[in-house]
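Thanks for passing this one along. Here are my notes, set out as numbered points so that you can follow them beside the viewer.

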Amino acid sequence: MAKALYGHVGMTPDRRLLDEVTRLRARVEALEFEITRVRAENDRLAAAAAEADELLRLAEPAMA
């Protein structure tokens, strides 16, 4: 195990690997932002649906 770890000390990282990690981190950040946006939109739509449902329930007794 120590020999395997020692092999990584002092080695310069591969540029392609660093580029991929950077790209993946940016993608994760974009997806996290998208999740936040979609959750907010879902909350907004759920509130609108609940309000519409409440208005429909209030209208029913007046029609009876």
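**Notes on burial, helices and salt bridges**

1. Let me begin with burial. Of the 64 residues in the protein chain, buried residues make up 0%. Please keep in mind as you read on that this is a predicted model.

2. Next, the surface as a whole. The protein chain has an accessible surface of about 6,300 Å², and carbon and sulfur atoms account for 63% of that area.

3. On to secondary structure. The protein chain has 2 helices and 0 strands. Helix H2 covers residues 15-63, and two of the pairs discussed below lie in helix H2.

4. How many salt bridges does a search of the whole structure find? The search gives 4. I comment on some of them in the points that follow.

5. Asp-14 pairs with Arg-16 in a salt bridge, and their closest N and O atoms are 3.1 Å apart. Asp-14 is partly exposed, because its relative accessibility of 36% lies between the 20% and 50% cut-offs. Arg-16, at 64% relative accessibility, counts as exposed, since the cut-off for that class is over 50%.

6. Arg-15 has a salt bridge to Asp-19, where the closest N and O atoms are 3.2 Å apart. Why are these two partners separated by about one helical turn? Arg-15 and Asp-19 both sit in helix H2, and they are 4 residues apart there, so about one helical turn separates them. The two ends fall into separate exposure classes: Arg-15 is exposed, with a relative accessible area of 57%, whereas Asp-19 is partly exposed at 38%.

7. Arg-44 and Glu-41 form another salt bridge, with the closest N and O atoms 2.8 Å apart. This pair also belongs to helix H2; the residues are 3 apart, which means a separation of about one helical turn. Is each partner buried, exposed or partly exposed? Arg-44 counts as partly exposed at 48% relative accessibility, and Glu-41 is partly exposed too, with a relative accessible area of 33%.

Conventions
Residues are numbered from 1 along each chain as its sequence is written. This is a predicted model: local features need pLDDT of at least 70, side-chain atom pairs count only at pLDDT 80 or more; totals for chains, interfaces and linings use all residues. Side-chain values use heavy atoms; hydrogens and water are left out. A salt bridge is a side-chain nitrogen of Lys or Arg within 4 Å of a carboxyl oxygen of Asp or Glu. Buried means under 20% relative accessible area, exposed over 50%, partly exposed in between (1.4 Å probe, protein chains only). Accessible areas come from the Shrake-Rupley method with a 1.4 Å probe; for residues, only the protein chains shown count as cover.
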